[in-house]
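Q: I am new to this structure and would rather understand one part well than skim everything. Please choose a single part for a close look, and then place it among the other parts of the chain.

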Amino acid sequence: MSKDYHKLAEQILSLVGGKDNVRNCYHCQTRLRFSLADENKADTAGLEALDGVRKVMINAGVYQVVIGTDVADLFAALEPMLDLKPQQEEPAQKKGVINTVIDFVAGTFQPIIPALSGAGMLKALLALLVVFGLIDNTSQTYYILNFFSDAIFYFLPILLAFTEAQKLKCNPVLAAGVAGIMMHTSWSALVTAGEPVYFFGVIPFQLVNYANTVIPIILVIFVQAFVEKKLNKWIPKSVNLVFVPMLTFLVMGTLALSILGPIGNVVGQYLAVFFNFLSVNASWAPAVIIGGALPVMVMFGLHNGVAPLGVMQMAELGYDSIFGPGCVCSNIAQGTAGLIVALRTRSQKDRQLALSGGITALMGITEPILYGVNLPKKYPLVAAMIGGGCGGLYAGLTHTHRFATGSSGLPAVLLYIGDNSMTYFINIIIALVISAAVTAVVTLILCAKYEKTVAPLSDEAANAETANVAVLPGVVTCPVRGRVVPMAEIPDETFASGVLGQGVGILPEDSTVVAPFSGVISSVADSGHAVGITSPDGMEVLIHVGVDTVDMKGKGFQTFVQEGDTVAAGRHRCSGAEANHL
């Protein structure tokens, strides 16, 4: 990706409809996520044509521009251009039940992923120190490191309360306060004592410990959002600051400990029963499904609704076998497919994308390789899904699970050390080897069929290399990879009118222009933007790059031929209705 983030940020902002069309913008690990006032004003095709943009997706009303691991630097350049101001709420677009649920779950869980990952890796480090005998599990050092790593999971309800409140547009600090009520040491003492508790001597409070739980707090804050909004509506603004928080704590504290929390606890217990049933009767299923289908789930945003199941299982049982094993198998498979493509493709651009994206995928971030290589080429995606499914099958059959949440790349293998055993660690290594091996073999087999259609010409034009291509007399092949458009659509009246002869336009996807047939270079513009070539049978073709590019005076162009040079045909694949008539 280009390091000129400011220029790319300007281009993206223009193509999403300008800053007036942007209601909100933030980023995750790989994507810019826009909330647009009018999605019809965004130029999706134009965005996807930018160097540095891998893909554009629209999920649950969020306009997502896939960038890659440079997204944080790009957002830093983009944010000052947005000048976002508070706006009046507009009627929400209808998203459908499934998209609404996924959007809610993702908005609640995604912000806490960095904290969970950090705590998870700390747990893995602690397990390593114990396994290799560097510390004893009865020592104070172990005790301290253990609560360092466990704090995030213990206080998970408070973190979820805060993020859920942000998603539901109620006060996140008040939500965290309600979660604090449910986890207060005094309440824990009453639960430990086991004596019946009655509020005002009438309302029974169920004795439930809410540390490490997920479902109870989600249910509580869901109701709090409604209660808080009603209180803000009913209570005069002059005393709103005092009475809304007071009544929120009183009402929600009572509901949380008497009704909502216990209901959520029961739901959590049933989830635990479900998870146990899966682990005993169909341990292979989740890992196979996630390992094989995760790339498709990522494309449609469905993974955001499934990944939290792993967090819930860990909160209930202390481990995750639902999402983690299949996810890491899938990611390693995608990275492997990308690296095989990098070895086999003849396109320098594809090779660079596949190499960098493949390495990134092995570290747990797959969007660059998915949208940059595997999905466009299709066959690496198929190979990765087969390989990920096979690795997931082994992980499922061996009941492999992780003991903490974290990244889903190679570093994640440390999360499988636990229970004073290396068994799960060894099994996940075997599962990943299976994923990589199967993916590599399938990719190589499919490469033999599909990569042979790639242009024999290398994109390493800087070395002035050409390749001989069998081209029939009178046939003009595509001089640059891209989409062919009719002559009438060329944005230059001189060419579109046909005054210079018949031709076509090409919307380029590459920066290298090659000879469309073997012949002699008849002309080279001083500015480098136009080259004429004549075939042995007298056919003349002018290759003109851009509109009014003569004004650039050679800036951005580099030529590798001179008048009188003899060149061999190179060829690029094109798409479009006119492609077969070149």
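A: The answer below begins with some notes on the model, takes one strand as its main subject, and then moves outward to other parts.

This is a predicted model, in which local features need pLDDT of at least 70 and side-chain atom pairs count only at pLDDT 80 or more, while totals for chains, interfaces and linings use all residues. Residues are numbered from 1 along each chain as its sequence is written, and side-chain values use heavy atoms, with hydrogens and water left out.

The protein chain has 19 helices and 13 strands (DSSP runs numbered from the N terminus, helices being H or I of at least four residues and strands E of at least two). Buried residues, those under 20% relative accessible area with a 1.4 Å probe and protein chains only, as against exposed ones over 50% and partly exposed ones in between, make up 47% of the 582 residues in the protein chain. Of the contacts with a separation of 6 or more, 70% come from residues 24 or more positions apart, where contact means heavy atoms within 4.5 Å.

The part chosen for the close look is strand β10, residues 530-534, of which 5 of the 5 residues are buried, so the strand is largely enclosed by the rest of the structure. In a regular strand the side chains alternate between the two faces of the sheet. In β10 both faces are covered, with Ala530, Gly532 and Thr534 buried on one side and Val531 and Ile533 buried on the other.

Strand β9, residues 519-524, pairs with β10 in the antiparallel sense over 4 bridges (two strands pair if DSSP finds at least two bridges between them). Within that pairing, Ile521 has Ile533 of β10 as its bridge partner. The two strands form a hairpin with 5 residues between them, and in its turn Gly528 has a positive phi of about 80°.

β10 also pairs with strand β11, residues 540-544, again in the antiparallel sense, here over 5 bridges, and Gly532 stands opposite Leu542 in β11. The hairpin of β10 and β11 has 5 residues between the strands, and Gly538 there takes a positive phi near 95°.

Elsewhere in the chain, 4 strands form an open sheet in the order β1-β2-β4-β3, with antiparallel pairing. Its edge strands, which pair on one side only, are β1 (22-27) and β3 (55-59), and neighbouring strands are turned by 20° against each other on average, direction ignored. β1 pairs with β2, residues 31-36, over 5 bridges, and Tyr26 stands opposite Arg33 in β2. Helix α16, residues 367-377, lies across β2, β3 and β4 (62-66), running at about 115° to β3; axes here are lines fitted to C-alpha atoms, for helices over the stretch in contact, and angles run from 0 to 180 degrees between N-to-C directions.

Helix α9, residues 185-193, offers a view of burial in a helix, as Trp187, Ser188 and Val191 are buried. Seen down the axis of α9, the buried residues fall within an arc of 100°, so they line one face of the helix (the arc is that of the directions from the helix axis to the C-beta atoms). On the other side of α9, Thr185, Thr192 and Ala193 are exposed. The cover over the buried residues of α9 includes α8 (172-183), β5 (197-199), β6 (203-205) and α11 (237-281), and just after α9, Gly194 takes a positive phi of about 80°.

α8 also meets helix α7, residues 156-168: the axes come within 8 Å and cross at roughly 155°. That makes α7 roughly antiparallel to α8 (angles over 145 degrees count as roughly antiparallel, under 35 as roughly parallel, 65 to 115 as roughly perpendicular and the rest as oblique). The crossing is right-handed, meaning that the near helix is turned clockwise from the far one by less than a right angle, anticlockwise being left-handed. Among the residues in contact are Pro157 and Phe162 of α7 and Val173 and Met183 of α8.

Finally, Ala404 lies in the loop between α17 (379-397) and α18 (423-450), and at 1% relative accessibility this residue counts as buried. Ala404 touches Gly120, Lys123, Met314 and Leu415, not counting residues up to four places away in sequence.
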